[in-house]
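Okay, everyone, thanks for coming. Let me put the chain up on the screen, and then I'll talk you through it.

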Amino acid sequence: MNKIKTLENLQKLHLLIEAECTGPPRSLSRRMELSERSVYNLLEVLKDFNAPVEYSRRRKTYYYSNHFKLDFRISLSVTNNNEVTELFKGSYLN
């Protein structure tokens with residue numbers, strides 16, 4: 001479940017960057033209830049996806065310098081005794 005929490009945090013960070021209301025790194029880490037290092041790690045993941053993440057010292061926020069969309073969908077099913085149970089199907093993370 002740790003991977004799902006990471007995805008949830010990544011989505012939350014993405015939405016804050018998209019809205020250009022992250023605040024400086026220390027404030028952002030408190031807002032997300034993560035360490036600063038964890039926030040920087042999430043930013044690196046976004047950059048690995050070629051996200052054009054920039055930081056404005058004047059506005060004190062991270063932002064995307066070009067359009068960037070991040071779409072999360074998760075599908076999870078469990079098969080037990082030839083019976084399939086759909087737990088999530090194409091749902092967005094909250």
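So, burial: of the 94 residues in the chain, 32% are buried. Keep in mind that this is a predicted model. As for surface, the chain exposes about 6,900 Å², and carbon and sulfur atoms supply 47% of that.

On to the layout. We have 3 helices and 4 strands, and going from the N terminus the order is α-α-α-β-β-β-β. If you care about contact range: take the contacts with a separation of 6 or more, and 40% of them are between residues 24 or more positions apart.

Now the core. Which residues have the most contacts inside the largest nonpolar core? That core has 17 residues, and the ones you'd be looking for are Leu13, Ile17, Leu28, Leu43, Leu46, Val53 and Tyr64. At least two core residues come from each of α1, α2, α3 and β2. Pick Leu13 as an example: ignoring neighbours within four places in sequence, Leu13 touches Leu28, Met32, Val39, Leu42, Leu43 and Leu46.

Next, the hairpin. β1 and β2 run antiparallel, with 4 bridges joining them. One pairing to click on is Glu54, whose bridge partner in β2 is Tyr63. There are 4 residues between the two strands of this hairpin, and Lys60, in the turn, has a positive phi of about 55 degrees.

Staying with β2, which covers residues 61-64, have a look at Thr61 in that strand. Is Thr61 buried or exposed? Its relative accessible area is just 4%, so Thr61 counts as buried, the cut-off being under 20%. And what is Thr61 in contact with, once you leave aside neighbours within four places in sequence? The list is Glu20, Cys21, Thr22, Gly23, Glu54, Tyr55 and Ser56.

Glu20 gets us to the charges. In general, side chains of opposite charge can pair when their charged atoms come close. How many salt bridges does a search of the whole structure find? The search turns up 3, and I'll take them one by one.

Glu20 pairs with Arg59, with the closest N and O atoms 2.6 Å apart. This pair links distant parts of the chain, 39 residues apart: Glu20 is in the loop between α1 and α2, while Arg59 is in the loop between β1 and β2. Both partners are partly exposed, Glu20 at 36% relative accessibility and Arg59 at 37%.

Then there's Arg26 with Glu36, where the closest N and O atoms are 3.3 Å apart. Arg26 sits in helix α2 and Glu36 in helix α3, so this salt bridge ties together parts that are 10 residues apart in sequence. On accessibility, Arg26 is exposed at 54%, whereas Glu36 is partly exposed at 28%.

And there's Glu8 with Lys5, with an N to O distance of 3.9 Å. Why do I mention the cut-off here? Because a salt bridge needs the nitrogen within 4 Å of the carboxyl oxygen, the 3.9 Å between Glu8 and Lys5 still counts. Glu8 and Lys5 are both in helix α1, residues 2-18, and they are 3 residues apart, about one turn of the helix. Glu8 is partly exposed, with a relative accessible area of 25%, and Lys5 is partly exposed too, at 46%.

That's my tour, so over to you.

Methods:
Residues are numbered from 1 along each chain as its sequence is written. This is a predicted model: local features need pLDDT of at least 70, side-chain atom pairs count only at pLDDT 80 or more; totals for chains, interfaces and linings use all residues. Side-chain values use heavy atoms; hydrogens and water are left out. Buried means under 20% relative accessible area, exposed over 50%, partly exposed in between (1.4 Å probe, protein chains only). Contact means heavy atoms within 4.5 Å. A salt bridge is a side-chain nitrogen of Lys or Arg within 4 Å of a carboxyl oxygen of Asp or Glu. A nonpolar core is a set of buried Ala, Val, Leu, Ile, Met, Phe, Trp, Tyr and Cys residues joined through side-chain atoms within 4.5 Å. Two strands pair if DSSP finds at least two bridges between them. Accessible areas come from the Shrake-Rupley method with a 1.4 Å probe; for residues, only the protein chains shown count as cover.
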